[in-house]
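This briefing addresses a metal site and the packing of one helix. Please keep the sequence and the structure at hand while reading.

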Amino acid sequence: MDVLSKASRSVLMGKVRSTGNRSTELRVRMGLVRLGVRGWQLHFDRVHGTPDFWFERQRLAIFVDGCFWHGCPNCLRLPKQNRTYWFAKIKGNIARARKIDAALRAEGNHVFRIWEHDLKSRAGVQRVMRQIEQTLNRCMPA
Ligand SMILES: [Zn+2]
């Protein structure tokens, strides 16, 4: 017997998967280790939005945004079925992410968002790692 209705199941799955793609997050993690970057925490839940990576010293929140869940303009293909549902859901995710960014910045934090598609290739990962390094330097307190 299926306890969850179809709709609540997809909401639940949305919750699980919109917390971030494990494999892309792992690539960033490995990149940070390779660069010797320290002082970050995973899924830090004491600031808005529970960033995938949180750098306390720089007060920098990094999110890895899934192309589907965050409505990537390059990659998003809405499923043929339940388009209205998915459209509303993704729109909600985008709005929520904007609110999180605004709340973080209002408290003097920095925000850096990475698209999942930028982590698909090795060259892409290297580019993202360079951006992270630059952002960390820029956000370093004087
Ligand atoms: Zn994308």
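Two residues are in contact here when heavy atoms of one lie within 4.5 Å of heavy atoms of the other. In this predicted model, the buried residues of helix α2 pack in that sense against β1 (40–42), β2 (53–55), β3, β4 and α4. A zinc ion is also present, coordinated by three cysteines and a histidine, namely C67, C72, C75 and H117.

**Zinc site**

- The donor atoms are SG of C67, SG of C72, SG of C75 and ND1 of H117, at 2.0 to 2.4 Å from the zinc ion.
- The angles among these four donor atoms run from 100 to 120°, and the site is tetrahedral.
- For reference, the ideal angle for four tetrahedral donors is 109.5 degrees.
- Along the sequence, the donor residues follow the spacing C-x4-C-x2-C-x41-H.
- C67 belongs to the loop between β3 (60–65) and α3 (83–106), while H117 belongs to the loop between β4 (110–115) and α4 (122–139); the pair therefore ties together parts that are 50 residues apart in sequence.
- C67 is buried, its relative accessible area being 6%.
- H117, by contrast, is partly exposed, at 22% relative accessibility.

**Helix α2: span and faces**

- Helix α2 comprises residues 22–35, 14 residues in total, and its first and last C-alpha atoms are 20 Å apart, close to the 20 Å expected at 1.5 Å a residue.
- Its buried residues are T24, E25, V28, G31 and L32.
- These buried residues lie on the same side of α2, because they cover an arc of only 115° around the axis.
- As a general point, an α-helix has 3.6 residues a turn, so residues three or four places apart point the same way.
- The exposed residues R22, V33 and R34 are carried on the face of α2 turned away from its buried side.
- Just after α2, G36 adopts a positive phi of about 75°.

**V28 within the packing**

- V28 is located in helix α2 and is buried, with a relative accessibility of 0%.
- Leaving aside residues up to four places away in sequence, V28 touches F53, V64, I114, L119, M129 and I132.
- V28 and Q126 are 98 residues apart along the chain, and their C-alpha atoms are separated by 9.5 Å.

How values were computed
Residues numbered from 1 in each chain as written. Predicted model: local features only at pLDDT ≥ 70, side-chain atom pairs only at ≥ 80, totals over all residues. Heavy atoms only, no water. Donors = N, O, S within 2.8 Å, 3.2 Å for Na, K, Ca; no water. Tetrahedral: all angles 85-135°; square planar, octahedral: opposite > 155°, others 65-115°. Helix = DSSP H or I, 4+ residues; strand = E, 2+ residues; numbered from the N terminus. Buried < 20%, exposed > 50% of the residue type's maximum accessible area, 1.4 Å probe, protein only. Expected span 1.5 Å × (residues − 1). Arc of directions from axis to C-beta.
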